[in-house]
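Reader: I'm new to reading protein models, and I'd like to see one done slowly. Please pick a single spot, look at it closely with me, and then work outwards from there.

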Amino acid sequence: MAKNRTVRHGGRALVLAAAAAGLAAAMTVPAAAADGPERKQLIADCASGEGKCTFNEPVLGKAYLGDFRQVSNSLYNCSTSPATQSMGWSDTVGSSDSAGVSVTAGGKLAGIIDLSVTATYSHTWSSSHTEDSSLNMTVQPGEVGWISRAQVMQTVSGTWQTHYDSPKWGHYYWYVPDTVTGPAANGTDGVSNAVVVKTRKMTASEKASCTAGAHQGQTFQLKR
């Protein structure tokens, strides 16, 4: 029986496990929902290694360009002339599953998904991507400028199979359908990463800061 409509036990797999263990009878009656695990408990057991987990039948979604987000400091131009400056930027994009659980690079969950995707599609899957560079930007007087970046993203859907050496919540096997969203390689499905310079007019309070102290007639940066 399902737990929050996401978790189910493996009756058929349970019969095989019970026979292999030499038990007289398999546990084929579904556990009551109130007695079963929550989804997060099964995923936690996969992450810790308490459950022997696989990510079955992975299906890659079509790549798309993620949201733009600021990846540099902000450059304020308090002078009366356009200001051109080289700005460094850095960006790290991670992965998360359908419940918002982080799938970190180098973690057990990421390794299991990568193994499954590699076996199915013959290419690796990465749960995290980091990139950094610099870009010249020009900011007009009375404006603020910064660099934004958007990463190519892709989903991978599949089912976690959790196998316990001894029955847990009444069964050896539990299954959790899941979709993980993470960074994809630049150019996947013809979609490319994007880095752009963005600007806006200063607010009234920001303009007021231009007349104070060392900021007057100068450019300055604020950390993102």
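Author: Let's start at Glu206, which is buried because its relative accessible area is 14%. "Buried" means under 20% relative accessible area, "exposed" means over 50%, and "partly exposed" is what falls in between (1.4 Å probe, protein chains only). Before going on, a word of caution: this is a predicted model, so local features need pLDDT of at least 70 and side-chain atom pairs count only at pLDDT 80 or more, while totals for chains, interfaces and linings use all residues. Also, residues are numbered from 1 along each chain as its sequence is written, and side-chain values use heavy atoms, with hydrogens and water left out.

Back to our spot. Glu206 sits in helix H4; helices (H or I, at least four residues) and strands (E, at least two) are DSSP runs, numbered from the N terminus. If you skip residues up to four places away in sequence, Glu206 touches Tyr76, Val144, Arg200 and Lys201. Touching, or contact, means heavy atoms within 4.5 Å.

Now walk along the chain to Cys210, in the loop between H4 and E14. Cys210 counts as buried because its relative accessibility is 10%. Leaving out residues up to four places away in sequence, its contacts are Cys78, Met202, His215, Gln216 and Gly217. Cys78 is the one to watch: a disulfide joins Cys78 to Cys210, S to S 2.1 Å. (A disulfide is a pair of cysteine sulfur atoms within 2.5 Å.) With -65° about the S-S bond, this link is left-handed. Cys78 lies in the loop between strand E5 (74–77) and strand E6 (83–93), and Cys210 in the loop between helix H4 (204–209) and strand E14 (219–222), so the pair ties together parts that are 132 residues apart in sequence. In space, the C-alpha atoms of Cys210 and Cys78 are separated by 5.3 Å. Both Cys78 and Cys210 are buried.

By that sulfur rule, the count comes to two disulfides. The other bond joins Cys46 to Cys53, with S to S at 2.1 Å. The torsion about the S-S bond of Cys46 and Cys53 is about -85°, so this disulfide is left-handed too. Cys46, at 0% relative accessibility, counts as buried, and Cys53 is buried at 12%. Counting bonded cysteines along the chain, the pattern is 1-2, 3-4.

Cys46 also takes us to a meeting of two helices. The axes of H2 and H3 come within 7 Å and cross at roughly 85°. Those axes are lines fitted to C-alpha atoms, for helices over the stretch in contact, and angles run from 0 to 180 degrees between N-to-C directions. H2 and H3 are therefore roughly perpendicular to each other, a label that covers 65 to 115 degrees (under 35 is roughly parallel, over 145 roughly antiparallel, the rest oblique). On the H2 side the contact involves Ile43, Cys46, Ala47 and Ser48, and on the H3 side Lys108, Leu109 and Ile112.

From those helices we can step into the core. A nonpolar core is a set of buried Ala, Val, Leu, Ile, Met, Phe, Trp, Tyr and Cys residues joined through side-chain atoms within 4.5 Å. In soluble globular proteins, nonpolar side chains tend to be buried together. The largest core here has 19 residues, and Val103, Ile113, Trp125, Val156 and Trp160 touch the most other members. Helix H2 (39–48), strand E2 (52–60), helix H3 (108–121), strand E11 (152–168) and strand E12 (171–183) each give two or more residues to this core. H3 gives the most, with five. Trp125, setting aside its neighbours within four places in sequence, is in contact with Ser95, Val103, Ala110, Ile113, Asp114, Val117, Val156 and Val180.

Trp160 brings in one last kind of partnership, of which there are three by the ring rule: aromatic pairs. Rings of Phe, Tyr and Trp (its six-membered ring) pair if their centres lie within 6.5 Å, with planes under 30 degrees apart called stacked, over 60 edge-to-face and the rest tilted. The rings of Phe55 and Trp160 have centres 4.8 Å apart and planes at 65°, so that pair is edge-to-face. Phe55 is in strand E2 and Trp160 in strand E11, 105 residues apart. Both Phe55 and Trp160 are buried.
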